[in-house]
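Please read the sequence alongside the three-dimensional structure shown here. The explanation moves from the overall chain to single elements and residues.

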Amino acid sequence: MSYRRVRIAGATYFLTIALRDRDSALLLENVVVLRRTLRQVKHRYPFHIDAMVVLPDHIHAIWTMPKGDVDYSKRVGMMKAQFSRALPQSEHRRASHKQKREKGIWQRRFWEHWVRGEADFRAHVDYIHINPVKHGLVLRACDWPYSSIHRYIRDGFLPEGWATDMPLKDEDR
């Protein structure tokens with residue numbers, strides 16, 4: 001099946017990639033494997049990770065594709081496949097997953113948004129960095145170890161106490 005996706009060479013995309021089991025902590029339990037997998041995919045098919053957060057059951061990321069390259073879908077697919085292959089086989093797989101040689105770890109699809117300009121970029125970076133707080137995993141964004149916020153703080157783009165005084169909206173609690 002072909003999905004309608006924006007494909008602009010060299011563009012920047014906000015991605016959400018989720019596990020099938022949204023109650024799982026598989027990504028955190030295997031964060032070393034996930035990091036290794038991303039390095040391997042980036043080595044084979046370069047792209048830039050502008051921002052990223054790894055949560056127990058999903059990933060939010062902003063990726064910028066190289067000039068002339070539009071295939072973020074290939075990179076997402078490779079990441080999912082390599083990560084899945086690196087994990088032990090699960091006994092409980094649906095027939096449809098077996099037929100497609102999938103472990104059934106990931107949701108088959110992922111969500112993408114073409115980042116349109118600097119304000120959109122900043123809004124999505126902020127969303128990524130506040131996400132662990134939004135999900136109640138930490139009180140301060142800088143306390144989440146699996147986030148690009150540490151690079152943003154180190155490089156002087158954000159203060160360490162970023163968003164500690166930001167009131168959460170009721171729907172974010």
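The paragraphs below take up the chain as a whole, then two helices, a pocket, and four individual residues.

The model is a predicted one. Its protein chain contains six helices and four strands, and from the N terminus on these elements follow the order β-α-α-β-β-α-α-β-α-α. Of the 173 residues in the protein chain, 46% are buried. Contacts in the chain with a separation of 6 or more can be divided by distance in sequence: residues 24 or more positions apart account for 70% of them.

Helix H2, residues 31–44, is a suitable element with which to begin. Its 14 residues reach 20 Å from the first C-alpha to the last, close to the 20 Å expected at 1.5 Å a residue. Which residues of H2 are buried? They are Val31, Val33, Leu34, Thr37, Leu38 and Val41. These residues lie on the same side of H2 because they cover an arc of only 150° around the axis. An α-helix has 3.6 residues a turn, so residues three or four places apart point the same way. On the other side of H2, by contrast, Val32, Arg39 and His43 are exposed. The cover over the buried residues of H2 includes helix H1 (26–29), strand S2 (48–54), strand S3 (58–64) and helix H3 (72–85).

Helix H3, one of the elements in that cover, may be examined in the same manner. H3 has 14 residues, and its span from first C-alpha to last is 20 Å, close to the 20 Å expected at 1.5 Å a residue. Its buried residues are Tyr72, Arg75, Val76, Met78, Met79, Lys80, Gln82, Phe83 and Ser84. Among the elements that cover them are S1, H1, H2, S3 and strand S4 (111–114). H2 thus appears in the cover of H3, and H3 appears in the cover of H2.

Strand S1 spans residues 12–18 and contains Leu15. Leu15 counts as buried because its relative accessibility is 0%, and the cut-off for that class is under 20%. Along the sequence, Leu15 and Ala61 are 46 residues apart, yet their C-alpha atoms are 5.2 Å apart in space. With residues up to four places away in sequence left out, Leu15 touches Ile59, His60, Ala61, Trp63, Tyr72, Val76, Phe110, Trp111 and Glu112. Two of these contacts, Tyr72 and Val76, are also listed among the buried residues of H3.

The second largest pocket has a volume of about 410 Å³. Its lining consists of 19 residues, of which Arg35, Ile49, Met52, Ser147 and Ser148 are the closest to its centre. Which elements each supply at least two residues of this lining? Helix H2, strand S2 and helix H6 (149–154) do so. By class, the lining comprises 10 nonpolar, four polar and five charged residues.

The chain also has points of interest in its later part. Arg109 is located in the loop between helix H4 (95–99) and S4. Is Arg109 buried, partly exposed or exposed? Its relative accessible area is 46%, and therefore Arg109 is partly exposed. Its C-alpha atom is separated by 7.8 Å from that of Ile17, although the two residues are 92 residues apart along the chain.

Beyond S4, in the loop that leads to H5, lies Val115. Val115 is buried, because its relative accessible area is 8%. Val115 and Thr64 are 51 residues apart in sequence, and the distance between their C-alpha atoms is 9.4 Å. Leaving aside residues up to four places away in sequence, Val115 is in contact with Thr12, Tyr13, Phe14, Asp120 and Phe121.

Helix H5 covers residues 118–134 and includes Pro132. At 0% relative accessibility, Pro132 is counted as buried. Pro132 and Trp144 are 12 residues apart in sequence, with 6.7 Å between their C-alpha atoms. Trp144 is also one of the residues that Pro132 touches, together with Val53, Leu55, Leu137 and Val138, when residues up to four places away in sequence are not counted.

Terms used: Residues numbered from 1 in each chain as written. Predicted model: local features only at pLDDT ≥ 70, side-chain atom pairs only at ≥ 80, totals over all residues. Heavy atoms only, no water. 1 Å grid on protein atoms, 1.4 Å probe; cavity = no way out; pocket = protein on both sides within 12 Å on 5 of 7 lines; lining within 4 Å. Points joined across faces, edges and corners; volume = space filled by probe spheres on them. Nonpolar A, V, L, I, M, F, W, Y, C, P; charged D, E, K, R; others polar. Expected span 1.5 Å × (residues − 1). Buried < 20%, exposed > 50% of the residue type's maximum accessible area, 1.4 Å probe, protein only. Arc of directions from axis to C-beta. Contact = heavy atoms within 4.5 Å.
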